[in-house]
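The following note collects points on the structure for a colleague's consideration. They are numbered for ease of reply.

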Amino acid sequence: MKIKDKVLIVEDEQSISNFISMILTTNGYDTIVVRSGEEALTMISSHCPDLILLDLGLPDMDGMEVLRSVRKWSNLPVVVVSARHHEQDKVDALDCGADDYLVKPFGTSELLARIRAAIRHTRTTLPSGQIAQSGKFISGDLTIDYDKHQVLIGGENAKLTVNEYKIVALLGKYAGKVMTYDFIIRELWGPKARTDNQILRVNMANIRRKIEENPGQPQYIFTEVGVGYRMREGD
Ligand code: CA
């Protein structure tokens, strides 16, 4: 029998934690529910969950403090689930090491997809800064061939430039997760890069012309307005 993944739900509103817990239990996860930041930190060290769903508005501390504290010693996947919907809140959480950010209210399938992506990514991750990986990423008609440094659409070479390829390769490596503009720029052009988002946008427009059937309604790379980009999950 498959060992169930254990999800720690950090949420002070009981109706929400009950709802999330029910969804996860019926979809094959074990859950633990805590209502404060202090309890969360105790549980994390004593119960080693496989993933944390973290509310930001907690009674005793801000969820961001929990996130910072966890990131000092662990790469455990953390998905922030919050009513705070401003772009800056998302950017701050992602830059602080959250794996993903879900705004309340959210759909069941979206919650499950983000959890799957965060857990899978943590299990397959390479040391940071390493875009090069071998093998293939496949999602629908899109294939990233990491050995040949090519992106194929329906088996045809999409003829991306080197920079375009690097962007797609990076997003493919983190498929299903939103990557902030800053993260992408740092990974591709180094920590001191003074590049602004404009160059990314231009590259993305060109990438979409080459890989999307309808660049205005992308199927592979989605924009999280003001935050970054997300590659569709692999097959
Ligand atoms: Ca709350």
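1. A residue is called buried when its relative accessible area is under 20%, exposed when the value is over 50%, and partly exposed in between. Asp 99, with a relative accessible area of 8%, is therefore buried. The coordinates belong to a predicted model, and the points below should be read accordingly.

2. Asp 99 pairs with Lys 177 in a salt bridge, with a nitrogen-to-oxygen distance of 3.0 Å. The two residues lie 78 positions apart in sequence and join distant parts of the chain: Lys 177 sits in the loop between helix 6 and strand 10 (178-180), and Asp 99 in the loop between helix 4 and strand 5. Lys 177 has a relative accessible area of 6%, so Lys 177 is buried as well.

3. A second salt bridge connects Arg 186 and Asp 95, at 3.9 Å from N to O. Here too distant parts of the chain are linked, since Arg 186 belongs to helix 7 (residues 181-189) and Asp 95 to helix 4 (residues 87-95), 91 residues apart. Arg 186 is partly exposed because its relative accessible area is 40%. Asp 95, at 39% relative accessibility, likewise counts as partly exposed.

4. Glu 11 and Lys 104 form a further salt bridge, their closest N and O atoms lying 2.9 Å apart. The pair spans 93 residues, from the loop between strand 1 (6-10) and helix 1 (14-26), which holds Glu 11, to the loop between strand 5 (100-103) and helix 5 (108-124), which holds Lys 104. Both Glu 11 and Lys 104 are buried.

5. How many salt bridges does the structure hold? The count is 13. Salt bridges also form a network, whose members are Asp 100, Glu 110, Arg 114, Glu 224 and Arg 230.

6. Helix 4 merits a separate remark. Its buried residues are Lys 90, Val 91, Ala 93 and Leu 94. Viewed down the axis of helix 4, these residues fall within an arc of 165°, so they line one face of the helix. The buried residues of helix 4 pack against helix 3 (63-71), strand 4 (78-82), strand 5, strand 10 and strand 11 (221-224). Just after helix 4, Gly 97 adopts a positive phi of about 110°.

7. Which residues does Leu 171 touch, leaving aside its neighbours within four places in sequence? The contacts are with Met 179, Ile 184, Met 204, Ile 221, Tyr 229 and Met 231. Leu 171 is part of helix 6 (residues 162-173), and its relative accessibility of 1% is why Leu 171 counts as buried. For Leu 171 and Tyr 229, a separation of 58 residues in sequence corresponds to a C-alpha to C-alpha distance of 7.7 Å.

8. The calcium ion is coordinated by OD of Asp 12, OD of Asp 55 and O of Gly 57, at 2.2 to 2.4 Å. In sequence, these donor residues follow the spacing D-x42-D-x1-G. Asp 12 and Asp 55 come from distant parts of the chain, 43 residues apart: Asp 12 lies in the loop between strand 1 and helix 1, and Asp 55 in the loop between strand 3 (51-54) and helix 3. Asp 12, at 29% relative accessibility, counts as partly exposed, whereas Asp 55, at 5%, counts as buried.

Definitions and conventions:
Residues are numbered from 1 along each chain as its sequence is written. This is a predicted model: local features need pLDDT of at least 70, side-chain atom pairs count only at pLDDT 80 or more; totals for chains, interfaces and linings use all residues. Side-chain values use heavy atoms; hydrogens and water are left out. Helices (H or I, at least four residues) and strands (E, at least two) are DSSP runs, numbered from the N terminus. Buried means under 20% relative accessible area, exposed over 50%, partly exposed in between (1.4 Å probe, protein chains only). Contact means heavy atoms within 4.5 Å. A salt bridge is a side-chain nitrogen of Lys or Arg within 4 Å of a carboxyl oxygen of Asp or Glu. The arc is that of the directions from the helix axis to the C-beta atoms. Donors are N, O and S atoms within 2.8 Å of the metal (3.2 Å for Na, K and Ca); water is not among the atoms, so sites may look incomplete.
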